[in-house]
Structures are given as C-alpha cells and as structure tokens.
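Thanks, everyone, for making the time. I would like to walk through one structure with you this morning, beginning with its core and then stepping back to the chain as a whole.

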Amino acid sequence: MKKYSEKTEVLEKIANGITWWIGSIPSLIAHTLFFIISFLLPLLHLVEFDKMLLILTTVVSLEAIYLAIFIQMSVNKSHEKIEDIQEDIEDIQEDIEEISEDIEEISEDIEEINEDIEDIQEDIEEINEDEEDEDHNERARNVMLKSNVSSNKNEIKALKDIIVQLQNQIEELKKD
C-alpha cells in the first residue's frame, strides 16, 4: 500500500510538471517550432505530405487526450482545495457567531454592573448625608470607597467601548 502511495505521488508530481510546462511560453515556442518543422519537411522533400499529415494528426490527437487528462486532474485538485476552504470558512463563521453571542452577554453584564455601581454610589451619598458627624477615619474610608467605585465604573466603561468595537468588527467580518 505504501509503495502504491509513493508511486501515485511520483506520478502526480510528473503530471503537475507536465501540466505546468504545457501552459508555459517555452511550450508554446516548442509546439510552434514542431508545427513549422512538420510543414517544412514535405517542402524540403524529406517526407511525403500525406505521411507527415498522418503522423502529425496522430501525435496531436494523442497529445490532446493526455492534455484532457492532465486538465481534469488539475480541476479535481482545485475542487478539493475549494471544498477544504469552504469548510474552513464555515467553521470561522460559526466561531464568529459564538463570539458575537458571548460579546452580547458580556455587554449585558456590564450594563447590570454599571447599574449596581450607580446604586452603590447613591447609597454612599445617602450615608454621607445621614452621618455628617461621623469621625474622620470613617469619612476617609467612604471617600476611598467612592473613589474605587468611580475607578471601577471607568474601567467598565472602557470595557464596554472595547466590546462595542469588537461587535463592529464582527459585523464587518460577517459582511465580508
């Protein structure tokens, strides 16, 4: 089985090389020279015209058969590659949809956190108003807590902006 696979690979490499050469400028030149020489041989009385046409027709027919085979091999390979690419694209699209759903969930969570932070800030303000005579240490602690809440709120807003950017990028990818 291994020898068969190796032989097949060697034959495919040869077929690829021939297919590449047939579609090249040197091939065009070689075929043109071949046809010119074929038609010059009867003019130079080296071969009879009918015999030259018979041989030329046979050679061209055989070449056409092999070219058709090589072209079909190339088409088959291209088709396999296209199928692989389509599968990869489908996988990427599924991943994008999942990421989009995750981002939407995170966005909702951030909105809830923002609401909670606003409630906490309101509670802190109420506590500060109710306890104006509170000792100095307690006020310092409340100021620090308020500062931390504001800092967290800013970080959450920054995260929300990043999520919006990611959602826009996902939308652009879906359009592509």
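What you have in front of you is a predicted model, and I will start with its largest nonpolar core, which has seven residues, namely Ile96, Ile103, Ile110, Ile117, Ile156, Ile163 and Ile170. The elements that give two or more residues to this core are helix H3, spanning 49-130, and helix H4, spanning 136-175. Of these, H3 supplies the largest share, with four residues.

Let me stay with H3 for a moment, since serine 100 is also found in that helix. Is serine 100 buried or exposed? Its relative accessibility is 8%, and because buried means under 20%, serine 100 counts as buried. Setting aside residues up to four places away in sequence, serine 100 touches Ile170 and Lys174, and Ile170, as you will recall, is one of the core residues.

Now to the chain as a whole. The protein chain contains four helices and zero strands, so that, if you read from the N terminus on, the order of elements is simply α-α-α-α. Of the 176 residues in the protein chain, 14% are buried, while the accessible surface comes to about 14,500 Å², with 58% of that belonging to carbon and sulfur atoms.

Finally, a word on contacts: if we take those in the protein chain between residues at least 6 apart in sequence, 64% of them join residues at least 24 apart.

Notes
Residues are numbered from 1 along each chain as its sequence is written. This is a predicted model: local features need pLDDT of at least 70, side-chain atom pairs count only at pLDDT 80 or more; totals for chains, interfaces and linings use all residues. Side-chain values use heavy atoms; hydrogens and water are left out. Buried means under 20% relative accessible area, exposed over 50%, partly exposed in between (1.4 Å probe, protein chains only). Contact means heavy atoms within 4.5 Å. Accessible areas come from the Shrake-Rupley method with a 1.4 Å probe; for residues, only the protein chains shown count as cover. A nonpolar core is a set of buried Ala, Val, Leu, Ile, Met, Phe, Trp, Tyr and Cys residues joined through side-chain atoms within 4.5 Å.
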